[in-house]
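Subject: Structure handover

Hello,

Here is the structure I promised to pass on. Please open it first, then read the notes underneath.

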Amino acid sequence: MNHQDIITRINTHKKQPNLRFRLKRDTETFTDLLFYTLFDIETPVSENLGILEKQFDNLVDLACWESEKPCKKVWENYVAKLPTILESLNLDAEATVNCDPASLSIEEVYMAYPGFYAIAIYRLAHELYQTGFPLVPRLMTEYAHRQTGVDINPGAQIGKSFHIDHGTGVVIGETAIIKNEVKVYQGVTLGGLYVAKHLQKTKRHPTIEDNVTIYANATILGGDTVIGANSIIGGNAWLTASVPPHSTVFHTPEIKIKTLRNG
């Protein structure tokens, strides 16, 4: 096979006409600038909103290949919601600094806590997801996932004052509902009970009511599963059924220690 044949065969199998990976790179650039514009005291808001609008127009050109998507109208509505998103994120940061005895300042939370960063990008992506803007919200949360190990689908619904401690390995599915003042530790999964494509439009992930704490490596599955308010879910628990309010759920492992005698 000569060089030209190889090129021809590769081009034959490049079948996705809209698959432009610069969309991924440009989304990451947009996400970084958006984050700094909201939080960094040295980043000028007025100047950057103009830059962000131009970057967003570029994302529209790359992502909106379906003509029925109203992508051109999204930016003005989105930018109007940024103050409210920032207000909500400040509550998330305050929840973290109030929950975690290891946090020395709220500035540390904004700059050094992977859980907060993942929540921030989720909230910024969620508003775009709500408008039906294609692909970009998922690329934003996957960017945060790659950096933090926290995987929050932009379709999830998350209330006020949400705290993720440590963060690595947390998975929150698309149809999960998390209400106010919930605390989640590393390795927690809020997932589907089973996977099937025909369930795409159904609620597949659990609901977590107000003031619930879920400790490390707990797994909660199923769209009908509701964790009642003020409950505590212990580490390594596995739940596929609802729990009433004010419950404590814990997993008790069986530990056996075998000691060899000398002689």
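Below is what was found, taken in the order helices, sheets, pockets.

Please keep in mind throughout that this is a predicted model.

Helix packing

Start with three helices: H2 (22-39), H3 (residues 45-63) and H4 (residues 74-99). Each pair among them has a computed crossing.

H2 and H3: their axes come within 10 Å. The crossing angle is roughly 160°. An angle over 145 degrees counts as roughly antiparallel, and H2 and H3 are therefore roughly antiparallel to each other. The crossing of H2 past H3 is left-handed.

H3 and H4: the axes come within 11 Å and cross at roughly 140°. That angle makes H3 oblique to H4. H3 passes H4 with right-handed geometry.

H2 and H4: here the axes are 11 Å apart, and the packing angle is about 55°. H2 is thus oblique to H4. This crossing, H2 past H4, is right-handed.

Sheets

There are two open sheets to look at. In general, strands of a sheet pair through backbone hydrogen bonds, either parallel or antiparallel.

One open sheet has five strands, in the order S1-S4-S7-S10-S13. Its pairing is parallel. Strand S1 (151-152) and strand S13 (238-239) stand at the edges. Each of these two has a single partner strand, so one side of each has no neighbour in the sheet. Further in, strand S4 (residues 171-172) pairs with strand S7 (residues 189-191). That pairing is parallel and runs over two bridges. To find it on screen, look for Ile172, which stands opposite Leu190 in S7.

The other open sheet has four strands, ordered S2-S5-S8-S11. Here too the pairing is parallel. Its edge strands are S2 (157-158) and S11 (226-227), and each pairs on one side only. S2 pairs with strand S5 (residues 177-178) in the parallel sense, over two bridges. Within S5, Ile178 is the bridge partner of Ile158.

Pockets

Which residues lie closest to the centre of the largest pocket? First, its volume: the largest pocket holds about 510 Å³ of space. It is lined by 19 residues, and the closest to its centre are Arg138, Asn153, Glu174, Gln200 and Arg204. By class, the lining of the largest pocket comprises ten nonpolar, four polar and five charged residues.

The second largest pocket has a volume of about 340 Å³. Its lining counts 13 residues. Closest to the centre of the second largest pocket are Phe35, Tyr36, Phe39, Tyr110 and Met111. This lining has ten nonpolar and three charged residues, with no polar ones.

Which helices each supply at least two residues of the lining of the second largest pocket? They are helix H2 (22-39), helix H5 (106-112) and helix H6 (114-130). H2 therefore appears twice in these notes: it packs roughly antiparallel to H3, and it helps line the second largest pocket.

For a quick tour, begin at the crossing of H2 and H3. Move on to the second largest pocket, with Phe35 and Tyr36 among the residues closest to its centre. Then visit the five-strand sheet and the four-strand sheet. End at the largest pocket, with Arg138 and Glu174 among the residues closest to its centre.

Best wishes

Notes. Residues numbered from 1 in each chain as written. Predicted model: local features only at pLDDT ≥ 70, side-chain atom pairs only at ≥ 80, totals over all residues. Heavy atoms only, no water. 1 Å grid on protein atoms, 1.4 Å probe; cavity = no way out; pocket = protein on both sides within 12 Å on 5 of 7 lines; lining within 4 Å. Points joined across faces, edges and corners; volume = space filled by probe spheres on them. Nonpolar A, V, L, I, M, F, W, Y, C, P; charged D, E, K, R; others polar. Pairing = 2+ DSSP bridges. Axes fitted to C-alpha atoms, helices over the stretch in contact; angles between N-to-C directions. Parallel < 35°, antiparallel > 145°, perpendicular 65-115°, else oblique. Left-handed = near helix turned anticlockwise from the far one by under 90°.
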